[in-house]
Amino acid sequence: MTTRQASPGELLELSGVFWKTCALHTAVKLDVFTAIGDDQLTADQIARSIKGAKRGVERLLNALVAMELLEKIDDRFVNLPSSQTFLSKASPKYIGHIILHHHHLMESWSQLDESVLSGQPIRARSSFGKKAWRESFLMGMFNMAMNMAPLLVPLIDLSDRHHLLDLGGGPGTYAIHFCQNNSQLRATVFDLASTRPFAEKTIEKFQLSDRIDFMAGNYLEDELKGSYDAAWLSHILHGEGPEACQNIINKTASALISGGLIIVHDFILNNTMDGPLFPALFSLNMLLGTSAGQAYSEEQIMSMLSTAGAKDLRRIPTKTPNDSGIIVGVV
Ligand SMILES: C[S@@+](CC[C@H](N)C(=O)[O-])C[C@H]1O[C@@H](n2cnc3c(N)ncnc32)[C@H](O)[C@@H]1O
């Protein structure tokens, strides 16, 4: 097999790409894009607005122009349309929460060597960590899911289902989209008690509080009570080791009525575990943040589902920005 060889220039670009990452994170953290809004502002004005030193702020603004996130007209800075849409808090399409979540991961990624050698995590689990970090994690998941749900939800036929369990559903974004797409459906979002305020606020915002409820619990410790006819497990297996995943899937299967659908959505590796790129890198992220979590292959997930008694296992073809995939079975 011939593998394409990287040039020194490409290797250097790969090595230094974190400078761009840090400039973007800083601009989002200091809320530069919101400060500019739909104005044309000088570096002085922006520095005053974000309470920064002109020497630093102007340099950041010029770098953001070079990165094609801002435009410079004479000595004034302007948001480009994509920055205005995705990076200004005034926009409903703001994705700054997930960018701040990435920012919180950086410290641990800079110590990846330690984690690789010890096989142990460097940071606390995002679901259990400090309040501000938990908020950017949960609302970051909301940002991600808001972009993904319109692509994924139409691929899954729930038109004859009545009660969906959204296990580890976070703010309930997928439950919301499944209910919007299926007028007969109601849903229960099961997540840690600390997630309740985010979920209830989000569900209320979409005016679905009469069809979606929140159940507080711990899927590692608690029984999953109920008789659902579909269950959606999105991005929860990668946080746990194989034994805990099997346990979660077994519990889910026993909370489903006969003929119930169990649907796993996650970053799925190919069966040789060496790609696609995002799931392979995401598995390193789980090494840094969990004691046993990892990305799983299609074969591994199907085997867990089959052990729990699920049949008719199939992969639903998807094309998503982060190579996430969906596997469905019937219990
Ligand atoms: C990566 S997020 C996925 C959120 C959502 N399913 C999605 O795909 O956008 C993982 C979710 O699982 C929840 N979670 C983690 N451990 C849990 C546990 N032991 N019991 C219940 N929920 C848990 C977290 O609070 C978080 O909302």
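**Entry 1. Terms and model**

A residue counts as buried when its relative accessible area is under 20%, as exposed when that area is over 50%, and as partly exposed in between. I note that the structure I examined is a predicted model.

**Entry 2. An aromatic pair**

I searched the whole structure for aromatic pairs and found 6. I then looked up F267 and F282, whose ring centres lie 4.6 Å apart. Their planes meet at 50°, so I recorded the pair as tilted. F267 belongs to strand 8 and F282 to helix 13. The two residues are 15 residues apart, and the pair links distant parts of the chain.

Are these two residues buried or exposed? F282 has a relative accessibility of 12% and therefore counts as buried. F267 is buried as well, with a relative accessible area of 4%.

**Entry 3. Helix 10 and a ring cluster**

I turned next to helix 10, which covers residues 173–181. How many of its 9 residues are buried? I found that 7 of them are, so the helix is largely enclosed by the rest of the structure. I listed the buried residues as T173, Y174, A175, I176, H177, F178 and C179.

Among these buried residues are Y174 and F178. I met both names again among the aromatic rings, where ring pairs link Y174, F178 and W232 into a cluster.

**Entry 4. The ligand and its surroundings**

I looked up which residues surround the ligand and found 20. The closest are G168, D191, N218, Y219 and S234. Helix 9, residues 131–152, supplies the largest share of the shell, with 4 residues. By class, I recorded 9 nonpolar, 9 polar and 2 charged residues in the shell.

I then examined individual contacts with nitrogen atoms of the ligand. A polar backbone atom of G168 is 2.8 Å from a nitrogen atom of the ligand. In the case of N218, a polar side-chain atom lies 2.9 Å from a ligand nitrogen. For Y219, a polar backbone atom is 2.9 Å from a nitrogen atom of the ligand.

How much of the ligand's accessible area does the protein cover? On its own the ligand has 590 Å² of accessible area, and the protein covers 96% of this.

**Entry 5. Salt bridges**

Side chains of opposite charge can pair when their charged atoms come close. I counted 6 salt bridges and looked up several of them.

K89 forms a salt bridge with D31, and the closest N and O atoms are 3.2 Å apart. K89 sits in the loop between helix 6 (81–86) and helix 7 (96–109), whereas D31 sits in the loop between helix 2 and helix 3. The partners are 58 residues apart in sequence, so the pair ties together separate parts of the chain.

E200 forms a salt bridge with R196, with the closest N and O atoms 3.0 Å apart. Both residues lie in helix 11, residues 196–205. They are 4 residues apart, which is about one turn of the helix. I recorded E200 as partly exposed, at a relative accessible area of 37%. R196 is also partly exposed, at 31%.

E10 forms a salt bridge with R4, with 3.3 Å between the closest N and O atoms. Here E10 is partly exposed at 33% relative accessibility, whereas R4 is exposed at 65%.

**Entry 6. Backbone details in loops**

I returned to D31 to look at its backbone. Its phi is near 60°, a positive value in a residue other than glycine. D31 lies in the loop between helix 2 (18–29) and helix 3 (32–36). Its relative accessible area is 18%, and D31 is therefore buried.

Phi is positive in M273 too, with a value near 70°, and this residue is likewise not glycine. M273 is found in the loop between strand 8 and helix 13. Is M273 buried or partly exposed? Its relative accessibility is 33%, so I entered M273 as partly exposed.

P276 is also placed in the loop between strand 8 (256–267) and helix 13 (277–289). I checked the peptide bond from G275 to P276 and found that this bond is cis, with omega near -5°. Strand 8 and helix 13 are familiar from an earlier entry, where F267 in strand 8 was paired with F282 in helix 13.

Definitions and conventions: Residues numbered from 1 in each chain as written. Predicted model: local features only at pLDDT ≥ 70, side-chain atom pairs only at ≥ 80, totals over all residues. Heavy atoms only, no water. Buried < 20%, exposed > 50% of the residue type's maximum accessible area, 1.4 Å probe, protein only. Near = heavy atom within 4 Å. Polar contact = N/O pair within 3.5 Å; in protein donor to acceptor, adjacent residues only side chain to side chain. Areas by Shrake-Rupley, 256 points an atom, 1.4 Å probe, with all protein chains shown as cover. Nonpolar A, V, L, I, M, F, W, Y, C, P; charged D, E, K, R; others polar. Phe/Tyr/Trp six-rings, centres within 6.5 Å; stacked < 30°, edge-to-face > 60°. Salt bridge = Lys/Arg side-chain N within 4 Å of Asp/Glu carboxyl O.
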